[in-house]
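Let's talk through how a few labels get assigned here. Have the sequence and the fold open while you read.

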Amino acid sequence: MEKIIHWWKVQDAFSGEKRYVTLVKSLLLALLPFVCCLVYCGAAGRSIGEVYLPSSEWNDELFYYKQVEGIVSCGYPLGYFGFDESHALKLSFAAWSPALVFPWILWGLVFGWNLMSPVICNIVLMSLCCFGFVWLVRPSRKQLGILVFLFCLYTPFVRYMLSGMPEVICFSMLILFYALALNYLRRERAGKLAVLFALSGVMTLMRPYLVLFMLLPAYLLVRRERRRGRVCVGFIVSAAAVTAALGLYACIKHYFGAEYFAPLFFTDWAEAFFREGFLEGIRFTLGKLYYMGSDFLAHTREGLRTGLASGAFFAGYLVCLGVLAGQSLGDWRRRRRLRGESHMLVIEAHLAFSFIAMLFALLLMYKLTEGSKHLLTFMAAAVFVISLAETKFYKKAALIGLTFAYLYTFKAVDPYDYQVPFLSRERQAAVEAWGEAFGRTMTLTRSNAPGYENVVIWVFSDTVDGAGVNTSWQLLYALPEGFGISCCMKEYVTENFGELKSRYLAAPAGGEIDEMCREAGHTLLHADGEMALYRLEETGLQARGGYR
């Protein structure tokens with residue numbers, strides 16, 4: 001017991017604090033995500049327990065939720081997840097890497113899986129991230145105060161914690177990555193470097209652009225081996241690690257990813273070099289950067305003027321980039337003058353480089369509106385890194401804080417992008433009614449799974465009384481565990497109506513697809529004023545080869 005008490009009273013060599021003081025600070029910051037969520041919900045007159053995913057307008061959440069549910073309940077979904085009836089070569093996942101939601105899978109296996117599970121897991125992950133950050137970094141009280149200030153104003157933290165989106169998984173892993181990197185720089189150990197490679201490798205499997213963060217442990221390894229006269233070893237090991245991560249991601253994407261409606265990212269600029277030569281490739285790339293850059297700036301201006309979400313994300317991203325670049329330059333000049341090593345310079349410079357690289361990737365490879373949310377992870381890391389700035393951090397924090405407050409509180413008026421999905425009694429009643437109907441009329445087939453016999457076509461939209469109507473897809477949260485969902489456009493369904501492979505179809509009630517199903521003699525299983533569910537009788541491809 002005396003040894004334990006003594007260990008807690010040992011003074012940290014870097015911060016000068018005793019360990020029990022660091023523990024108290026870590027625990028206090030770990031409470032911050034929960035407190036922010038509590039305050040955010042309280043301001044709306046609600047509680048955290050009233051968050052209700054079927055009230056959300058973000059349909060990606062449905063896919064993430066039901067896939068994790070299928071993994072937890074059956075080992076993997078027994079029906080295909082896809083788009084226009086696409087499916088993965090192996091098993092039954094949608095277009096995104098299943099590695100992206102592995103913390104939710106672990107959570108579901110341990111604690112069970114229900115509509116509140118991703119929300120609770122997100123909050124716990126963010127709390128663990130905050131605890132780990134303080135324990136690894138040992139920020140001063142002033143730095144901790146700045147961090148709390150910026151964390152509270154960066155409301156995407158709360159919005160994504162109170163959602164069924166996996167952004168918080170990326171946030172927390174990247175923040176811990178930088179915390180461990182700074183801890184390594186203060187006291188180098190080979191084990192820490194191995195963990196940095198592992199963390200950044202897992203992040204790469206989650207989203208490929210996060211390979212940018214593998215460059216930091218690669219640099220640290222090369223620097224470490226150079227001191228030992230083995231710089232080639234550092235390069236070889238680093239290159240092998242990066243190649244292995246990218247190769248494994250490519251395999252996951254190839255075998256476990258379903259084809260999306262359109263390409264998830266574009267490589268036309270790279271193809272131009274091989275197709276038209278080096279000079280034409282340069283011209284094409286510069287032209288694309290110019291036109292996409294013009295659109296980027298137009299979105300940014302609109303975000304500043306009206307609060308357009310993509311533009312607001314772009315504006316916040318540019319301000320964070322400017323602060324990081326300025327701080328890095330200042331630390332570099334100071335380092336040259338004092339002829340000393342700045343640990344923060346390595347962290348700030350790498351994050352600034354990653355910001356710039358991601359900006360070019362966004363302009364060249366992504367759709368601006370859809371790609372804008374990927375910038376949130378970089379800004380989340382910037383909140384924690386900027387709070388540790390060694391000089392004039394009050395001014396930098398004030399600039400970042402005012403930017404966040406203006407963009408993500410004052411201008412955050414669009415309910416689609418910023419409104420937390422709270423419980424609606426009408427929606428809850430509808431979901432429960434459909435849950436009973438699904439359980440009564442649908443049977444999960446376990447033989448020869450995964451297969452189309454366990455798939456529900458979600459017709460994205462249809463025409464009802466001359467007006468376009470989206471399917472009330474939120475009702476599909478009530479599908480029995482293990483079923484897959486194929487989001488199909490109306491045009492695909494009408495053009496391939498006699499050749500549809502899936503066993504079930506859900507479409508807006510009273511729409512053209514509803515009428516086509518009735519005329520074709522398909523069995524109406526359940527309908528209300530929002531949605532109609534049909535069992536497609538064996539015709540066309542089904543009759544010839546079953547549902548596989």
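Q: Which strand does L505 lie in?
A: L505 sits in strand β6, residues 504-508. Keep in mind that this is a predicted model.

Q: Why is L505 called buried?
A: The cut-off for buried is under 20% relative accessible area. L505 comes in at 0%, so buried is the word for it.

Q: How far apart are the C-alpha atoms of L505 and V455?
A: They are separated by 8.4 Å, with the two positions 50 residues apart along the chain.

Q: How many disulfides does the structure hold?
A: The count is 0.

Q: What makes C36 and C152 fail as a disulfide?
A: A disulfide needs the two sulfur atoms within 2.5 Å. The closest cysteine sulfur to that of C36 is the one in C152, at 3.8 Å, so the pair is too far apart for a bond.

Q: And C170, how far away is its nearest cysteine sulfur?
A: That sulfur belongs to C129 and is 12 Å away, and C170 is in no disulfide.

Q: Are C36 and C170 buried or exposed?
A: Buried takes under 20%. C36 has 11% relative accessibility, so C36 counts as buried. C170 has a relative accessible area of 1%, so C170 is buried too.

Q: Which residues make the nonpolar surface patch?
A: The patch is made by V24, L28, L31, F34, V35, L38 and V39, and covers about 630 Å².

Q: Why does V39 count as exposed?
A: Exposed means over 50%. V39 has 53% relative accessibility, so V39 passes. V39 is found in helix α2, residues 19-43.

Q: What makes the pair E188 and R223 a salt bridge?
A: The limit is 4 Å between a side-chain nitrogen of Lys or Arg and a carboxyl oxygen of Asp or Glu. The closest N and O atoms of E188 and R223 are 3.3 Å apart, so the pair qualifies. This salt bridge links distant parts of the chain, 35 residues apart: E188 is in the loop between α8 (167-186) and α9 (190-206), while R223 is in helix α10 (residues 215-227). E188, R223 and R227 are linked in a network of salt bridges.

Q: Why do E188 and R223 get different exposure labels?
A: Below 20% is buried, and partly exposed runs from there to 50%. E188 has 21% relative accessibility, so E188 counts as partly exposed. R223 has 9%, so R223 is buried.

Q: How do you know that R230 and E225 form a salt bridge?
A: Their closest N and O atoms are 2.9 Å apart, and the limit is 4 Å. R230 is partly exposed at 38%, whereas E225 is buried at 6%.

Q: How many salt bridges does the structure hold?
A: There are 17. Another one of them joins E276 and R275, with the closest N and O atoms 3.3 Å apart.

Q: Which residues lie nearest the centre of the largest pocket?
A: D60, Y260, T369, E370 and K373 do, out of 42 lining residues. About 1100 Å³ of space lies in this pocket. The elements giving two or more residues to its lining are α3 (60-74), α11 (231-256), α14 (309-338), α16 (368-371) and α19 (415-418).

Key
Residues are numbered from 1 along each chain as its sequence is written. This is a predicted model: local features need pLDDT of at least 70, side-chain atom pairs count only at pLDDT 80 or more; totals for chains, interfaces and linings use all residues. Side-chain values use heavy atoms; hydrogens and water are left out. Buried means under 20% relative accessible area, exposed over 50%, partly exposed in between (1.4 Å probe, protein chains only). Patches are made of residues with over 30% relative accessible area and no salt bridge: like charges are joined within 9 Å, nonpolar side chains (Val, Leu, Ile, Met, Phe, Trp, Tyr) within 5 Å. Accessible areas come from the Shrake-Rupley method with a 1.4 Å probe; for residues, only the protein chains shown count as cover. Helices (H or I, at least four residues) and strands (E, at least two) are DSSP runs, numbered from the N terminus. On a 1 Å grid over the protein atoms alone, a cavity is a set of points where a 1.4 Å probe fits but cannot get out, and a pocket is an open set with protein on both sides within 12 Å along at least five of seven lines; lining residues have an atom within 4 Å of a point. Grid points are joined across faces, edges and corners, and a volume is the space filled by probe spheres set on the points.
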